[in-house]
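Student: Can we go through this one together? I'd like to get a feel for how to read it.

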Amino acid sequence: MMQMGPGGGRERGMGRGGGRQGLGPVRECRCPNCGYTQPHQPGVPCVNQACPKCGTRMVGV
Ligand SMILES: [Zn+2]
């Protein structure tokens, strides 16, 4: 009783987690490109802010 269908449905891609982003209070927004930093504005995610120098999206630090 061994049936090996073509394709073998093996889909296991749901176990993805453990990213450490968005945890903890963000104090500053930093540009990963040029290193420019500016105070984080409450209510405005850093990723929604563009670096005034190079236009890269900022990241919270
Ligand atoms: Zn920049």
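Student: What is the mean pLDDT of the chain?
Tutor: Keep in mind that we're looking at a predicted model. In this chain, 67% of the residues reach a pLDDT of 70 or more. Over residues 16–20, though, the pLDDT is below 50, and that stretch has zero contacts beyond near neighbours in sequence. Taken over the chain, the mean pLDDT is 81.

Student: Okay, on to the strands. Which are the edge strands?
Tutor: Start with the order: three strands make an open sheet, arranged β2-β1-β3, with antiparallel pairing. An edge strand pairs on one side only, and that fits β2 and β3.

Student: And what is the bridge partner of Arg30 in β3?
Tutor: β1 covers residues 28–30, while β3 covers 59–60. These two strands run antiparallel and are joined by two bridges. Follow the bridge from Arg30 across to β3 and you land on Val59.

Student: Where is Tyr36, and is Tyr36 buried, exposed or partly exposed?
Tutor: Tyr36 sits in the loop between β1 and β2, the latter being residues 37–39. Buried would take 20 or more other C-beta atoms within 10 Å, and exposed would take 12 or fewer. Tyr36 has 15, so that makes this residue partly exposed.

Student: How far apart in space are Tyr36 and Cys51?
Tutor: Setting aside neighbours within four places in sequence, Tyr36 is in contact with Cys31, Cys51 and Lys53. Along the sequence, Tyr36 and Cys51 are 15 residues apart. In space, going C-alpha to C-alpha, the distance between them is 7.2 Å.

Conventions: Residues are numbered from 1 along each chain as its sequence is written. This is a predicted model: local features need pLDDT of at least 70, side-chain atom pairs count only at pLDDT 80 or more; totals for chains, interfaces and linings use all residues. pLDDT is the predictor's confidence in each residue, from 0 to 100. Two residues are in contact if their C-beta atoms, placed from the backbone, lie within 7 Å. Helices (H or I, at least four residues) and strands (E, at least two) are DSSP runs, numbered from the N terminus. Two strands pair if DSSP finds at least two bridges between them.
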